[in-house]
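Dear colleague,

I am passing on the structure below, followed by notes on what was found in it. Please read the notes with the structure open beside them.

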Amino acid sequence: MSASNIKQQHTPAIRQFQGEAVVYIPLSELHPFPNQPFKVREDSAMQETVESVRAYGVLTPAIVRPRENGGYEIVSGHRRKHASELAGADALPAIVREMDDDTAIILLVDSNIQREEILPSERAQALKMKLDAIRRKSGRPSKEKGAQVGHLFNGKKSVEIIAEQAGESKTQVQRYIRLTELSPSLQQKVDEGALALTTAVELSYLMPDEQMRVDEAIEREQAIPSLSQAQKMKKLSQAGELNENTIRSVMIGENRHPAALANPAAQPKADTPPHIEAGSSPSAPPPSVPYDLGDKQYASFAESIADLKNNDKDCSCTPDQFLAEFTGFVNKFHKEINWFHLDYYEIVFPALSPAQLDYLRQQMDAIRTAVDKLYEHVKGT
């Protein structure tokens, strides 16, 4: 169906919409709302909308407001405009309203916030925009310490108003708004499902340079911090003690041998399957002293640690320390692997997929092969 046929077929059918006049506006005169957070995606839902427009036209008019420089600004209807473009139409049915910036922002957010495909970062930015708009309309400053601070507006706090209208709890709205303090790179990890929202909220309290270092550590270690690890980093940041070394200590386990932390470049990077959070290793009992390491004897365990801190040495920990940490890992593995078949665990985290189970088998086979090889070597000597 041609653009002219779409327009001619459906223009006479729409004269009023909920008591407001509807006009057809050329697509060339419609402009996006500045800094609107909702992305228009080329997905299956958009294709369905395009097919609907081709068959029936746009049934629900957009809402626009006049621009100072001419044309109109879309408040509600960005997806409908794009679908009309793809369908070959040249105009969009719309209701023209005069409204100030804050009223337009509130309407923009309310028109889109219930869509299921909204990314967490989009929802966060939208709720923050609405919060600021409500605060401005109430006559109070919008810049306050922390997104969790709300002020009274018509007898209620602004955050409570947003929570009621969005169908969310006040705490959840506060979490989303706090997400706007997170770096774009870490926000993307939340959008991808790699970083949990509650963990991201804790990381949002770090300074920008600290967030950058955490992001670098995630990429370097190929591990995502857990909620407890993020909380530890938040406390270290508040104490002024968060740096590259302490971030790495928290990320890979605070009880790892000190020599391993002293020389990160000497450490092999472990393969970490996607969507599995890295946890801290349990405490390991120190070996007995005096301590023998090969043909060398130390007066104390501390002395052996000092020697292992030598950057020229190609080792990360002593055999006793390694076996203690490995035992802790096995115990943790036995405890946590059982969670993945419990029904209630689905609420917290999905069960392992077949691909992840294959990955797990491969890693266990690799460990078994390495142990067998080591055993034959030791037995042969």
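Contact here means heavy atoms within 4.5 Å. On that basis, among contacts in the chain between residues at least 6 apart in sequence, 68% join residues at least 24 apart.

This is a predicted model, in which local features need pLDDT of at least 70 and side-chain atom pairs count only at pLDDT 80 or more, while totals for chains, interfaces and linings use all residues. Residues are numbered from 1 along each chain as its sequence is written, and side-chain values use heavy atoms, with hydrogens and water left out.

The chain holds 17 helices and 11 strands (DSSP runs numbered from the N terminus: H or I of at least four residues for helices, E of at least two for strands). Of its 381 residues, 38% are buried, that is, under 20% relative accessible area with a 1.4 Å probe, protein chains only.

The largest nonpolar core (buried Ala, Val, Leu, Ile, Met, Phe, Trp, Tyr and Cys residues joined through side-chain atoms within 4.5 Å) has 48 residues, of which L203 and M233 touch the most other members. Helix α5 (residues 120–137) gives this core its largest share, 7 residues. Another core, of 14 residues, lies apart from it and includes I25, L27, V58 and L92.

Leaving aside neighbours within four places in sequence, L203 is in contact with residues including L182, L195, P225 and M233. A200, in helix α9 (residues 197–203), counts as buried because its relative accessibility is 0%. Not counting residues up to four places away in sequence, A200 touches L179, L182, V190 and L195.

Best regards

Notes. Buried means under 20% relative accessible area, exposed over 50%, partly exposed in between (1.4 Å probe, protein chains only).
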